[in-house]
Amino acid sequence: QTIFVRVTNNATGCFTDHTSFNLIVNPVPIANFVNDLEVCDDNTDGSARNGFSQSIDLAAQTAGILGNQNTNTLAVTYHRSFTDAQNGNNPLVSPYSNQTPNRETIYIRIENTETGCVNSISNFDVIVNPEPTFVVPTNLAYCDDALDGDDSNGIIQNIDLDSKIPEILGNSQSPNDFIVTFHKSQADATSGDNAIASPYENTNPTERFFVRIQNRQTLCINDDASLEVIVNPL
């Protein structure tokens, strides 16, 4: 809106009305609310179940917060308090290490770098989920049989790996809440590739299997367990 200015000399009554300026009201950036950021506890600090993570990617929330707005003129920063977000103080660096275990609120500041307009009303929680636990499994022992026509070759066709799942999960974890798979290598257990179907036919009298436990709800993983399958001779 254009504003016109009149300046009058109170003593002489002379005036000028040649000056004007534009009054520009810039919009405040939109701070879209986003879902809470759930991450899995990691073992960087020596514990995967203490509620702390050292690799929280706060920047993963930026796209959702900005939505369809012009990202070239908007700067998003993250803060531990609403006051810091309002004033632009103490922005957090991503990846971030949470200071409060299990659940911590992060406050958002969006600033238009061209107009200086700020919005700091949005926030979300960072939730650090623990990795699954496990009971160290005993080895799975079988006696050689003659299903393949040879009862002395150390090979059998009916190794039930899934029978170890209740033992591995222990009494505190329901098999309905977890996906447990068995793998021939640690790398496969970590990635979830090449899961072994049960019942299994071995190729060597003694074989080691690496266990992957995944929480169905949080998707957090534990891949530290392993066991041996041993086929004993008659």
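Visitor: In this predicted model, where does L23 lie?
Guide: The model is a predicted one, and in it L23 falls outside the strands on either side, after β2 (15-22) and ahead of β3 (37-40). The place of L23 is therefore the loop between β2 and β3.

Visitor: Does L23 count as buried, partly exposed or exposed, and why?
Guide: Buried requires under 20% relative accessible area and exposed requires over 50%, with partly exposed in between. L23 has 45% relative accessibility, so L23 counts as partly exposed.

Visitor: Which residues make the nonpolar surface patch of about 320 Å²?
Guide: L23 is one of the residues in this patch, which covers about 320 Å² of surface. Together with L23, the patch is made by F21 and V25.

Visitor: Is Q61, in the loop between β3 and α1, buried or exposed?
Guide: Q61 sits in the loop that leads from β3 to α1 (62-66). Its relative accessibility is 10%, and because buried means under 20%, Q61 counts as buried.

Visitor: Which residues does Q61 touch, not counting those up to four places away in sequence?
Guide: With residues up to four places away in sequence set aside, the contacts of Q61 include D36, a residue in the loop between β2 and β3. The full list for Q61 is V34, N35, D36, L37, Y78 and F124.

Visitor: With which residue does D36 form a salt bridge?
Guide: The closest N and O atoms of this pair are 3.1 Å apart, and a salt bridge calls for a distance within 4 Å, so the pair qualifies. The pair links distant parts of the chain, 67 residues apart, with D36 in the loop between β2 and β3 and its partner in strand β5 (residues 103-112). D36 is partly exposed at 34% relative accessible area, and the partner, partly exposed at 45%, is R103.

Visitor: Which residue meets R109 in a salt bridge?
Guide: The N to O distance in this pair is 3.4 Å. R109 counts as buried at 11% relative accessibility, whereas its partner is partly exposed with a relative accessible area of 27%. The residue that meets R109 is E111.

Visitor: Which residue forms a salt bridge with K164, and which residues are joined into one network by salt bridges that share partners?
Guide: K164 counts as buried at 6% relative accessibility, and its closest N and O atoms to the partner, E167, are 2.7 Å apart. E167 is partly exposed, with a relative accessible area of 27%. Elsewhere, salt bridges that share partners form one network, and its members are D36, R103 and D125.

Visitor: How many residues of strand β10 are buried?
Guide: Strand β10 takes in residues 206-215, which is 10 residues, and the strand is mostly covered. The number of buried residues in β10 is eight.

Visitor: Which strands are joined to β10 by bridges?
Guide: Six bridges join β10 to strand β9 (residues 178-183), and the two run antiparallel, with V180 standing opposite I213. Five bridges join β10 to a further antiparallel strand (residues 226-232), where T206 of β10 stands opposite I230. Two bridges connect β10 with another antiparallel strand (residues 221-222), in which N222 stands opposite I213. The strands joined to β10 are thus β9, β12 and β11.

Visitor: Which residue takes a positive phi in the hairpin of β10 and β11?
Guide: The hairpin has five residues between its strands. One residue in this hairpin takes a positive phi near 70 degrees, and that residue is L219.

Visitor: What radius of gyration does the chain have?
Guide: The chain has four helices and 12 strands, and its C-alpha trace spans about 125 × 30 × 25 Å along the principal axes. A compact globule of 234 residues would have a radius of gyration near 17 Å, but the chain has 31 Å.

Visitor: What percentage of contacts between residues at least 6 apart in sequence join residues at least 24 apart?
Guide: Of the 234 residues of the chain, 36% count as buried, and the chain exposes about 13,300 Å², with carbon and sulfur atoms supplying 49% of that area. Among contacts between residues at least 6 apart in sequence, the share joining residues at least 24 apart is 59%.

Technical notes
Residues are numbered from 1 along each chain as its sequence is written. This is a predicted model: local features need pLDDT of at least 70, side-chain atom pairs count only at pLDDT 80 or more; totals for chains, interfaces and linings use all residues. Side-chain values use heavy atoms; hydrogens and water are left out. Patches are made of residues with over 30% relative accessible area and no salt bridge: like charges are joined within 9 Å, nonpolar side chains (Val, Leu, Ile, Met, Phe, Trp, Tyr) within 5 Å. Accessible areas come from the Shrake-Rupley method with a 1.4 Å probe; for residues, only the protein chains shown count as cover. A salt bridge is a side-chain nitrogen of Lys or Arg within 4 Å of a carboxyl oxygen of Asp or Glu. Buried means under 20% relative accessible area, exposed over 50%, partly exposed in between (1.4 Å probe, protein chains only). Contact means heavy atoms within 4.5 Å. The radius of gyration is taken over C-alpha atoms; the globule rule is 2.2 Å times the number of residues to the power 0.38. Two strands pair if DSSP finds at least two bridges between them.
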